Amino acid sequence: MEKVEFAAGWPLALLMGALYFVGGMLWLIASFGLPIPFPATADPISAIVLIIIAAIFFSGVRPLRQGNRDGFGFVAVGVLLAGILFGLQLVILSTDFLGWALGLEDWTSWNALSTLTPTVWLFLLVVLIFAIARAAEGNREGGFTKHLLGG
Amino acid sequence: MYEPGEEKWMLSDIMDSVFLHRYLGLPIFLVIMWAMFHFTFTASLVFMAMIEEAFSWFGGLTSQIPIPWLASLLTDGVIGGVGFIMVFLPPILLMYLSISVLEDTGYLARAAFVMDKVMVRIGLHGKSFIPLLLGFGCSVPAIMAARTVDGESNRLATILVTPLMSCAARLPVYVLIAGVFFPDFAGTMVFVMYILGIVMAVAMALLFKGTILREEASPLIMELPTYQRPTLHGSFRHAWDRGFLFLRKAGTYLLAGAIMLWVLANTGPTGFGVAADESFIAMIGNLGAPLFALHGFPWQIVSALIFGLLAKEIVVESLGIIYSVQGEAAIGTMLAMSLSPLSALALMVFVLLYTPCIAAVGTIRSETGSWKWAGFSVLYQVLLAYLISLFIVLIGGLFLA
């Protein structure tokens, strides 16, 4: 295995974890009826799922700071799970769109925003953060983001 | 399964350090399971509506047949029964697809490892998790898979608790009831049912291992395959193979069951063509109804539960026939009129916990070589389902009061 700069990955893990933690907590609080502006319908279990993903990212921070490769796995699995949830939600979005396009009764009042849950836009933010980190890192050998992409 | 090459091995190893993590392994497993059920329920809704529209169109045609009994048999019996159960083909296919993907990636084997600690703590063998997991698909092969479990009492305990895992045949009941009574978090309710099944299986295993089936636990030794990228063809093929079994069942046993139920729902002591509440099926339902008075289940539900002993799909099938309406929306309306949300939740729990089907009982008989264990399995599950669902109604009623 080539020499990878694992220590360079901890700010990424921390940032992604913070994103999911804040998103999950706000969703959870909003789900229990507290008056905070949050663009999602009440769904405490989905909110807890986001907090678990945050915990996976956070678990990678310490080993990555120590340059330990074990931390890489937490970021990889965190991104993988977040990506799976994003992908599944996109499939749900497209099936809802199909129902709306066919004019089925239950979908007449459907709009895309109702299916765009935090699972979708949080992952898009993660992709954005990753893209920025990737651009900053460049194409050097052993780069953390390059390794995360399987390079 | 293992492909040589250090790079691949290392990646698999690194992934395992997270998926099999001491503290995160179980939450990750639960997240994956939740994602599976949420996706299964939500993504299938459109396809269910499309199938329902198609059958309601067929129903419109068959109801115009000039021979009344034939029109009723085809419309209320075949389309109202088998047609209605076919509406649930999409969630069943999607769930099998999700399980196939998890299986093909190599994660299911990890899930057994993640659950090993829990299994050992309740006195079961780590390998017991495999039959329990297979129980999410169908109880019959799951009970057979208990052959791999080491130790006679471990094996027996696994066989006895495996039917508590929620099989695919129960899914239509959850989807129907959760969609009617808990539409805003239906996917989560279905997930809760599956988790409750696991919790009850654990609780009963603890009870059995602590009382009638004492034996020391043996360690789990298992080879883990490396992670694989699932292929679209492979996963769809696995899902279709399993889904086809459901279609075959619908075209044979469930069709026969629908015709039998239609006859019982249309004949009574006074002859053919009686009203549903004067039919033989009402007599059967009314026999058991007093036992479920506290649960708030009317005779129609009790009849459906009694016939559901044959196969769980029949519960939903018989509701269509007994209420003599077609389509999920129409049956949903009838259910909403005859059940409170609390009773509906109790019904979901009852369906989750009582004997899955007659085939599962036969398999327990052949695997244990004894009618005693098969009878015990039926008895304890019916009693457990009865008590837990009653508990929900009583405790829930206290909270609501």
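Colleague: How many of the residues of chain A count as buried, as a percentage?

Modeller: A residue is called buried if 20 or more other C-beta atoms, placed from the backbone, lie within 10 Å of its own, exposed if 12 or fewer do, and partly exposed in between; by that rule 36% of the 151 residues of chain A count as buried. Please keep in mind that this is a predicted model, in which local features need pLDDT of at least 70 and side-chain atom pairs count only at pLDDT 80 or more, while totals for chains, interfaces and linings use all residues. Residues are numbered from 1 along each chain as its sequence is written, and chains are lettered from A and ligands numbered from 1 in the order in which they are written.

Colleague: Which helices and strands are there in chain A?

Modeller: Helices (H or I, at least four residues) and strands (E, at least two) are DSSP runs, numbered from the N terminus; chain A has six helices and zero strands, and its pattern along the sequence reads α-α-α-α-α-α. The C-alpha trace of chain A spans about 55 × 35 × 20 Å along its principal axes.

Colleague: How many residues of each chain are in contact between chain B and chain A?

Modeller: Two residues are in contact if their C-beta atoms, placed from the backbone, lie within 7 Å, and in this model 20 residues of chain B are in contact with 27 residues of chain A. On the chain B side, the elements giving two or more residues are α1 (6–19) and α2 (25–62) of chain B, with the largest share, nine residues, coming from α2(B).

Colleague: What should I look at where α8(B) and α10(B) pack?

Modeller: Axes are lines fitted to C-alpha atoms, for helices over the stretch in contact, and angles run from 0 to 180 degrees between N-to-C directions. Helix α8 (residues 152–161) of chain B and helix α10 (residues 186–210) of chain B pack at about 145 degrees, their axes being 9 Å apart. In this contact A157(B), L160(B) and V161(B) of α8(B) meet A201(B), M204(B), A205(B), F208(B) and K209(B) of α10(B).

Colleague: Why does F246(B) count as buried?

Modeller: F246(B) counts as buried because 21 other C-beta atoms lie within 10 Å. F246(B) is placed in helix α11 (residues 232–251) of chain B, and, leaving aside residues up to four places away in sequence, F246(B) touches L89(B) and I92(B). By contrast with those contacts, F246(B) and A293(B), 47 residues apart in sequence, are 33 Å apart in space, C-alpha to C-alpha.
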